[in-house]
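Q: Please take a close look at the side-chain contacts in this model, starting with charges that sit over rings and then following the charged, aromatic and cysteine residues around them.

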Amino acid sequence: MVVQPGMCGPLQNLVASVGDWTWQTVSMVCGLDVFNARDTRGLPSYLAFYYYRLTSGSHFHPRELTFGERIEVDSRVFNSGRLSVVTVHRIRRITGEWKPPLPFDADEPRSRPRPDCLYVENLNVWVSRTDPRSNVALVRSAPVGFTHAHLPDADSPRDLCARARDLGVFPDPARSHWLRSAPDLVLEHPVDVVRDVNGVGLLYFAAFFPIAERAQLHQWRASGGTDRAFLDRTLLDARICYLANADLDATLAVTLRTSCDPDDPAHQKSDLAISDATTRRTIAVAAFRHRSEH
């Protein structure tokens with residue numbers, strides 16, 4: 001496909017586009033129209049994003065995407081049990097003559113990533129509202145017609161998300177020795193009904209990326225960094241685990257902790273927890289890794 005303006009620039013644009021591809025792909029292989037799914041009561045059932053991870057190779061990262069580039073997208077859906085699915089997308093820029101893609105599986109982005117590819121892994125679960133006027137207390141609710149037993153199995157990030165929920169941070173033993181590179185930060189983010197809400201009135205999964213990035217930018221500026229240098233960073237890894245939703249009048253508390261590799265200070269990690277500022281209910285846990293060029 002050709003990269004269009006709505007697919008590049010702000011990270012949210014790419015994240016949202018790939019999220020749409022996930023719904024389209026699941027619709028193709030799981031026997032139902034995801035966009036109009038309903039449960040046995042006839043109520044809407046939503047294929048919610050429970051885990052979203054984007055990783056980039058050393059030769060290609062999201063900020064390099066621009067208008068008119070040709071990309072190749074390979075997508076596969078895997079059975080994750082409990083009426084849920086894992087979808088993996090591999091995105092590669094086409095330079096020169098197009099060649100048929102190499103096959104790939106769910107382990108490639110984790111253990112055999114190609115340096116010229118972006119990878120997105122989604123774990124999706126079905127949810128519905130218990131109260132049509134509220135986004136709190138969503139419940140699992142599989143839609144009529146959903147089939148996934150025929151799909152190949154894949155390791156699920158469900159256990160990783162459970163640990164992130166319990167710890168309030170993604171476990172990362174390999175980087176536990178990294179040093180704090182800035183004071184911890186807590187910001188409040190009132191839900192913005194113009195930008196944060198999707199077409200069915202829920203907080204939009206892609207909106208959590210700019211919420212997390214705004215906190216990082218605030219800390220970056222406080223440390224003397226310029227906006228251009230912030231945009232020039234290379235995104236290596238970004239992941240969010242979505243644990244709940246929030247009502248439209250809620251205020252979110254965003255807690256940020258940033259650390260860096262003591263042997264390579266340009267390699268930085270940001271850990272974030274997003275909660276309801278009033279109830280302290282955890283809404284999401286996130287982690288980003290960047291390499292700074294300045």
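A: A charge sits over a ring if NZ of Lys or CZ of Arg is within 6 Å of the ring centre and within 35 degrees of the ring normal. This is a predicted model, in which local features need pLDDT of at least 70 and side-chain atom pairs count only at pLDDT 80 or more, while totals for chains, interfaces and linings use all residues. Residues are numbered from 1 along each chain as its sequence is written, and side-chain values use heavy atoms, with hydrogens and water left out.

The charged end of R239 sits over the ring of F170, at 5.3 Å from the ring centre. R233 likewise lies over the face of W220, where the distance to the ring centre is 5.4 Å.

R239 also belongs to a network of salt bridges that links it with R53, D237 and R289; a salt bridge here is a side-chain nitrogen of Lys or Arg within 4 Å of a carboxyl oxygen of Asp or Glu. Within this network, R289 pairs with D237, their closest N and O atoms being 3.9 Å apart. That pair links distant parts of the chain, with R289 in strand 11 (residues 282–291) and D237 in strand 8 (residues 234–242), 52 residues apart; helices (H or I, at least four residues) and strands (E, at least two) are DSSP runs, numbered from the N terminus. Both partners are buried, R289 at 15% relative accessibility and D237 at 5%, where buried means under 20% relative accessible area, exposed over 50% and partly exposed in between (1.4 Å probe, protein chains only).

The whole structure contains 22 salt bridges. Another of them joins R110 to E121, with 2.4 Å from N to O. Because R110 lies in helix 2 (residues 108–111) and E121 in strand 4 (residues 117–128), this pair ties together parts that are eleven residues apart in sequence. Of these partners, R110 is partly exposed at 36%, whereas E121 is buried at 6%. In the salt bridge between D166 and R165 the N to O distance is 3.4 Å; D166 is exposed at 60% relative accessibility and R165 is partly exposed at 42%.

Turning to the rings, the structure holds twelve aromatic pairs, meaning rings of Phe, Tyr and Trp (its six-membered ring) with centres within 6.5 Å, counted as stacked when the planes are under 30 degrees apart, edge-to-face when over 60 and tilted for the rest. Y52 and F209 count as edge-to-face because their ring centres are 5.4 Å apart and their planes lie at 75°. Y52 is in strand 1 (residues 46–56) and F209 in helix 4 (residues 208–222), so that the pair spans 157 residues. Y52 and F209 are each buried at 0% relative accessible area. An edge-to-face pair is also formed by W126 and F146, at 5.4 Å centre to centre and 70° between the planes. One cluster of aromatic residues includes F49, Y52, F209, Y242 and F288.

Finally, the cysteines form zero disulfides, a disulfide being a pair of cysteine sulfur atoms within 2.5 Å. The sulfur of C117 is 18 Å from the closest cysteine sulfur, in C8, which is too far for a bond. C161 is in no disulfide either, and the nearest cysteine sulfur, that of C241, is 3.3 Å away. C117 is buried at 0% relative accessibility, and C161 is buried at 0% as well.
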